[in-house]
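Q: Please take a close look at one part for me: the site of ligand 1. I am new to this model, so keep it brisk and set the site in its surroundings.

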Amino acid sequence: MQIPAPFDYERASDVANALALLERHGPESRAIAGGHSLLPMMKLRLARPEWLIDINDLAELDFIRREGDQLCVGALTRHTALLESTEVAGLFPIVRDAELVIADPVVRNRGTIGGSLCQADPAEDLSTVCDVLRAKAVIRGPGGERIVPMSDFHRGPYETAVAQNELLCEIRFTIRPRSGSAYEKVERRVGDWAVVAAGAAVVLSADGTIEEAAVGLTSVGLDGTVGEAEAVLRGQQPQEDLFVEAARIAAAACHPVDDQRGPVDYKRHLADELTRRVLRRACVRATGAEEG
Amino acid sequence: MQVSMTVNGEAVTRDIEPRVLLVHFIRENLGLTGTHWGCDTSNCGTCVVLMDGQPVKSCTVLAAMADGHDIRTVEGLVVGGALDPVQQGFMEEHGLQCGFCTPGMMLTARALLDRNPHPDDSEIRQAISGQICRCTGYATIVRSVQWAAAHPAVTDTAADGAGTGESNSEEVTA
Ligand SMILES: Cc1cc2nc3c(=O)[nH]c(=O)nc-3n(C[C@H](O)[C@H](O)[C@H](O)COP(=O)(O)OP(=O)(O)OC[C@H]3O[C@@H](n4cnc5c(N)ncnc54)[C@H](O)[C@@H]3O)c2cc1C
Ligand code: FES
Ligand code: FES
């Protein structure tokens, strides 16, 4: 019977209380949100916290709201809420693309965006999404609040800028006019982790050239986005030749490994093909966007 | 530690270890063995119960996390001796063979119909996509849910004008 090793449990009432509990119980205490990454790891003994601090009652971290040119998403927002938000789908269609293929509807009822980013599994879809949207993480700890760009948030597989005695509280996305984004994933079966997935976001200038571009890949050992591909895209008119070149660079820049999800060549091929597709779609969406 | 929750409308309180999973709490502490347990990887979905009306995999929720919440298991589908239309649909359309996946399938179907009384086949397939059936090939499960959609219980019909209004309690003795 696979059940977690013994631990103590305490439910936090608000952010301040959760931080106090993490501080009091020390290095072997951990926050638990949806639990859909942490509990499976605890069953397998890949994680053995001595204290779990349940943050599910922190309603103050469960929100999606627009503040000026920022879309602010609370860390406790469930996948299902992100998927069903028409505001999110309108402003950042990449989020909806990804949420449709993250796990299954029942897992999505529990899993949270904060848990996904803090888990930082190399196959985590929302990590790529937040990377290409150049999101910012709002982290609170004993020393107060700090805001960390995604480029500094991810520190490698399963490692982030969030310290043991801190909480990820909010993710902020900048809303920009003439922007578009897309995500596409290949999985072995419905609800599985990505064999490879690609995400792209673009901002077009008034004359239709690409002003800003971001390209990211999931599950192929990439740190952050593909700077070289982005440099090639910037300042150019969106067109097929350009997407092909950017995708070629992205596929060459990643480091897929041979595993039960597929051999290296296949994964590189997917990285290439999926990057073309998401660039195409992101550019079309940027052209069609009435507001942003 | 002590946990208290509502299970199928009844308040329960038990002393448990914090590491007890909700699925084991339901099966072992409460003796409600209708909820099944089928995997260690949160993949099979046979353990699905409704938590505050939403389907969740009870093998991936601590009983402690359900403290103060409302849980509904397959035993709670029968109301006043009448089978839920979903249960009857599974009978009418052969929605089960071995029955192992059935409790989870029926609860997900119930939650789907509560939100969307007339789903199309693809919406049903999507709703149950986190759950595995090794017997039916899913076709009869989809038909069972459609049967339930076409035969809502009397209590549902007030909210759903399209219902036939026929009573299930006359046809089935639970
Ligand atoms: C069957 C299955 C299939 C899945 N498929 C996919 C998939 O295809 N793609 C995908 O991207 N994901 C997938 N997931 C993962 C799913 O999205 C998880 O819900 C998510 O990774 C973790 O979110 P959580 O809220 O459950 O986090 P938890 O499990 O509660 O926590 C994960 C980690 O983050 C920490 N943490 C959580 N919240 C905070 C916070 N606010 N501040 C600081 N630390 C925090 C915890 O301490 C823990 O270390 C799958 C999961 C399952 C069970
Ligand atoms: S027992 Fe398999 S998903 Fe819960
Ligand atoms: S009826 Fe046997 S697994 Fe579904």
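A: Helices (H or I, at least four residues) and strands (E, at least two) are DSSP runs, numbered from the N terminus. This is a predicted model: local features need pLDDT of at least 70, side-chain atom pairs count only at pLDDT 80 or more, and totals for chains, interfaces and linings use all residues. Residues are numbered from 1 along each chain as its sequence is written, chains are lettered from A and ligands numbered from 1 in the order in which they are written, and side-chain values use heavy atoms, leaving out hydrogens and water.

Start with the position. Ligand 1 lies between chains A and B. Its shell holds 33 residues, each with a heavy atom within 4 Å of the ligand. The closest are A:A31, A:L38, A:T112, A:E124 and A:D125. By class, 14 of the shell residues are nonpolar, 14 are polar and 5 are charged. Here Ala, Val, Leu, Ile, Met, Phe, Trp, Tyr, Cys and Pro count as nonpolar, Asp, Glu, Lys and Arg as charged, and the others, Gly among them, as polar.

Now the polar contacts, pairs of N or O atoms within 3.5 Å. The backbone of A:L38 brings an N or O atom to 2.7 Å from an oxygen atom of ligand 1. The backbone of A:H36 does this at 2.8 Å. A:R30 uses its side chain: an N or O atom there is 2.9 Å from a ligand oxygen. Taken alone, ligand 1 exposes 970 Å², and the protein buries 95% of that (Shrake-Rupley method, 1.4 Å probe).

Which elements build the shell? Those of chain A giving two or more residues are β2 (29-32), α7 (113-119) and β10 (167-174). Helix α7(A) supplies the largest share, 5 residues.

Next, the other chain at the site. Chain B has 6 helices and 5 strands. From the N terminus on, they run β-β-α-β-β-β-α-α-α-α-α. Chain B has 174 residues, and 53% count as buried, with under 20% relative accessible area (1.4 Å probe, protein chains only). Chain B exposes about 7,400 Å², and carbon and sulfur atoms supply 49% of this area. Take its contacts (heavy atoms within 4.5 Å) between residues at least 6 apart in sequence: 56% join residues at least 24 apart.

One last feature is in chain A. Strands β4 (residues 64-67) and β5 (residues 70-74) pair in the antiparallel sense over 4 bridges; pairing takes at least two in DSSP. A:R66 has A:L71 of β5(A) as its bridge partner. The hairpin leaves 2 residues between the strands, and A:G68 takes a positive phi near 60 degrees.

Key: Polar contact = N/O pair within 3.5 Å; in protein donor to acceptor, adjacent residues only side chain to side chain. Buried < 20%, exposed > 50% of the residue type's maximum accessible area, 1.4 Å probe, protein only.
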